[in-house]
Amino acid sequence: MDNMVDEKKVNQVVDSRNGVEHGDPSGDAPGYELPLLLFAGFRSLIDQLHAELARQGHPDVRPAHGFAMQAIGLNGATAATVGRRLGVSKQAAGKTVDRLTALGYAERTADPTDARRKLVRLTPHGLDALARSARIFDELRARWSAALGPDRLRGLETDLRTVTPPDAFTLDAEGWLGGP
């Protein structure tokens with residue numbers, strides 16, 4: 001895997017005595033490649049998703065917006081709850097909600113159970129973006145299945161479930177999206 005910056009590989013460990021790259025003598029890839037490959041796969045899926053969303057009428061949706069819309073959920077949430085679900089401050093969540101509101105993906109409404117609170121709810125436009133995202137992810141998964149073969153893809157998914165913690169599907173681990 002080539003990760004090049006100014007014609008030099010990044011994240012390689014070089015023996016300064018003889019310029020030889022350290023690696024597993026068995027021919028296994030160096031350890032730093034695994035997170036890079038996982039990130040590249042993630043990034044590839046997300047970039048393809050957003051290119052297709054743009055073609056389907058959602059050119060302004062960004063990855064952070066998708067996470068925020070998931071945090072808002074079908075029943076709505078307060079900005080504080082959105083922040084907690086994303087692992088960011090209430091103020092950072094409020095800015096993202098402001099942007100989603102300006103783009104027409106969310107709206108602030110009175111909380112029917114507490115007049116002092118405002119709920120953030122997804123608009124039909126926001127719900128449409130999420131529904132399209134789900135269909136596009138299914139299409140992208142089908143492409144990976146065609147490229148790798150269905151058994152290999154299922155095996156990859158099973159293996160990733162084995163090595164990831166059970167709560168890996170939370171929206172954010174504290175600090176990943178800008179928290180403390």
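# Questions about a predicted model

Reader: Let's start with one side chain: what is the relative accessible area of D47?
Author: D47 counts as partly exposed, the class between buried (under 20% relative accessible area) and exposed (over 50%), with a 1.4 Å probe and protein chains only. Please keep in mind that this is a predicted model, in which local features need pLDDT of at least 70 and side-chain atom pairs count only at pLDDT 80 or more, while totals for chains, interfaces and linings use all residues. Residues are numbered from 1 along each chain as its sequence is written, and side-chain values use heavy atoms, without hydrogens and water. For D47, the relative accessible area is 39%.

Reader: Which residue meets the side chain of D47 in a salt bridge?
Author: A salt bridge here is a side-chain nitrogen of Lys or Arg within 4 Å of a carboxyl oxygen of Asp or Glu, and the N to O distance in this one is 2.9 Å. The two residues lie in helix α1, four residues apart, about one turn of the helix. The partner is partly exposed at 44% relative accessibility. It is R43.

Reader: Happy to zoom out now: in what order do the elements run from the N terminus on?
Author: Helices (DSSP runs of H or I, at least four residues) and strands (E, at least two) are numbered from the N terminus. The protein has six helices and four strands. Their order is β-β-α-α-α-α-β-β-α-α.

Reader: How many bridges join β3 to β4?
Author: Two strands pair if DSSP finds at least two bridges between them. Strand β3 covers residues 106-111 and runs antiparallel to β4, and the two form a hairpin with two residues between them. R108 stands opposite V120 in β4, and D111 has D114 as its bridge partner there. The number of bridges joining β3 to β4 is six.

Reader: Which residue forms a salt bridge with D111?
Author: D111 is buried, at a relative accessible area of 6%. Its salt-bridge partner counts as partly exposed, at 38% relative accessibility. The closest N and O atoms are 2.5 Å apart, and the partner is R117.

Reader: How far apart in sequence are the parts that E157 and R141 tie together?
Author: E157 and R141 form a salt bridge, with the closest N and O atoms 2.8 Å apart. E157 lies in helix α6 and R141 in helix α5, so the pair links two elements. E157 is partly exposed at 21% relative accessible area, and R141 is partly exposed at 34%. The parts they tie together are 16 residues apart in sequence.

Reader: And how many salt bridges does a search of the whole structure find?
Author: The pairs R43 and D47, D111 and R117, and E157 and R141 are among them. The search of the whole structure finds eight.

Reader: What is the C-alpha separation of L45 and W144?
Author: L45 sits in helix α1 and is partly exposed, at 21% relative accessibility. Leaving out residues up to four places away in sequence, L45 touches F137, L140 and W144, where contact means heavy atoms within 4.5 Å. L45 and W144 are 99 residues apart along the chain, and their C-alpha atoms are separated by 9.8 Å.

Reader: How many residues does the largest nonpolar core have?
Author: A nonpolar core is a set of buried Ala, Val, Leu, Ile, Met, Phe, Trp, Tyr and Cys residues joined through side-chain atoms within 4.5 Å. V61, M69, I72, V82, L86, L100 and Y105 have the most contacts inside the largest one. The elements that give two or more residues to this core are α1, α2 (63-72), α3 (79-86), α4 (90-103), β4 (114-122) and α5 (124-148). Its residue count is 23.

Reader: Which element gives the most to the nonpolar patch on the surface?
Author: Patches are made of residues with over 30% relative accessible area and no salt bridge, like charges being joined within 9 Å and nonpolar side chains (Val, Leu, Ile, Met, Phe, Trp, Tyr) within 5 Å. This patch consists of L34, L38, L148, L156, L160 and V163, with about 510 Å² of accessible area together; α1 (33-55) and α6 (150-163) are the elements that give two or more residues. L156, at 32% relative accessible area, is partly exposed and is found in α6. With three residues, the element that gives the most is α6.

Notes
Accessible areas come from the Shrake-Rupley method with a 1.4 Å probe; for residues, only the protein chains shown count as cover.
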